[in-house]
Amino acid sequence: MSDCIFCRIVEGTIESKKVYEDERCLAFDDANPQAPVHALVIPKRHVPSLKDFQDHDIECLGTLLQICRTVAKLKGISESGYRVVTNIGATAGQTVFHVHFHVLGGRRFRWPPG
Ligand code: AMP
Ligand code: ZN
């Protein structure tokens, strides 16, 4: 059993509320939502963060962003506006070291982020 929380979600040993799934990627609701809509989009393969992708992973990266767009549509925030965020490293706020894109919406956001 993996000691990575998100690998365990992929394995099914930790429950999640799935929003989207295909052979390579998964999207599920964040357990501690920061907005009315807050989902996470991940590759099923364990990659610690965005910086750990290789040049040949560019297609996977494109797919992950495309799934962010799909999740926004499924959640009904595509037209009202939403934010896609990935934190890279603890200094930037990353707490789970399995790469994920946050899809946040349903309220107004400030800029710059805290
Ligand atoms: P980050 O701080 O960018 O690494 O984001 C990690 C996110 O994972 C946080 O928003 C957490 O609320 C979320 N999270 C942690 N554990 C779980 C879980 N078991 N199911 C869903 N979301 C989780
Ligand atoms: Zn993992």
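Q: Why is Leu104 called buried in this predicted model?
A: Leu104 has a relative accessible area of 10%. Buried means under 20%, so Leu104 earns the word with its 10%. You can find Leu104 in strand E5. The C-alpha atoms of Leu104 and Thr86 are 11 Å apart, with their positions 18 residues apart along the chain.

Q: How do you know that Phe6 is buried rather than exposed?
A: The relative accessibility of Phe6 is 6%. The cut-off for buried is under 20%, while exposed needs over 50%; Phe6 therefore counts as buried. Phe6 belongs to helix H1. Its C-alpha atom is separated by 7.8 Å from that of Val96, although the two are 90 residues apart along the chain.

Q: What makes His38 a buried residue?
A: His38 shows 5% relative accessibility. Because the limit is under 20%, His38 counts as buried. Look for His38 in strand E3, residues 37-43.

Q: Why is the pair His38 and His102 called a polar contact?
A: The two side chains meet at 2.8 Å. A polar contact needs N or O atoms within 3.5 Å, one able to donate a hydrogen and the other to accept it, so this pair is listed as a polar contact.

Q: What makes His102 a polar partner of ligand 1 as well?
A: A polar atom in the side chain of His102 is 2.8 Å from an oxygen atom of ligand 1. The cut-off is 3.5 Å, so His102 makes a polar contact with ligand 1.

Q: How do you know that Asn87 and Gly93 make polar contacts with ligand 1?
A: For Asn87, a side-chain N or O atom lies 2.8 Å from an oxygen atom of the ligand. For Gly93, a backbone N or O atom is 2.9 Å from an oxygen atom of ligand 1. Both pairs therefore fall within 3.5 Å and qualify. As for cover, ligand 1 exposes 510 Å² when taken alone, and the protein buries 82% of that.

Q: Where does ligand 1 sit, and which elements give two or more residues to its shell?
A: Ligand 1 sits in the largest pocket. Helix H1 (5-11) and strand E2 (25-29) are the elements that give two or more residues to the shell. H1 supplies the largest share, three residues.

Q: What makes up the surroundings of ligand 1?
A: There are 16 residues around ligand 1, and the closest are Asp30, Asn87, Gly93, Thr95 and His102. By class, the shell holds seven nonpolar, seven polar and two charged residues. Asp counts as charged and Gly as polar under this scheme.

Q: Which bond joins Trp111 and Pro112?
A: A cis peptide bond joins them, with omega at about 5°. Pro112 is located in the segment after strand E5 (101-105).

Technical notes. Residues are numbered from 1 along each chain as its sequence is written. Chains are lettered from A and ligands numbered from 1 in the order in which they are written. This is a predicted model: local features need pLDDT of at least 70, side-chain atom pairs count only at pLDDT 80 or more; totals for chains, interfaces and linings use all residues. Side-chain values use heavy atoms; hydrogens and water are left out. A residue is near a molecule or strand if one of its heavy atoms lies within 4 Å of it. Accessible areas come from the Shrake-Rupley method with a 1.4 Å probe; for residues, only the protein chains shown count as cover. On a 1 Å grid over the protein atoms alone, a cavity is a set of points where a 1.4 Å probe fits but cannot get out, and a pocket is an open set with protein on both sides within 12 Å along at least five of seven lines; lining residues have an atom within 4 Å of a point. A molecule sits in a cavity or pocket if more than half of its atoms lie within 2 Å of its grid points. Helices (H or I, at least four residues) and strands (E, at least two) are DSSP runs, numbered from the N terminus. Buried means under 20% relative accessible area, exposed over 50%, partly exposed in between (1.4 Å probe, protein chains only).
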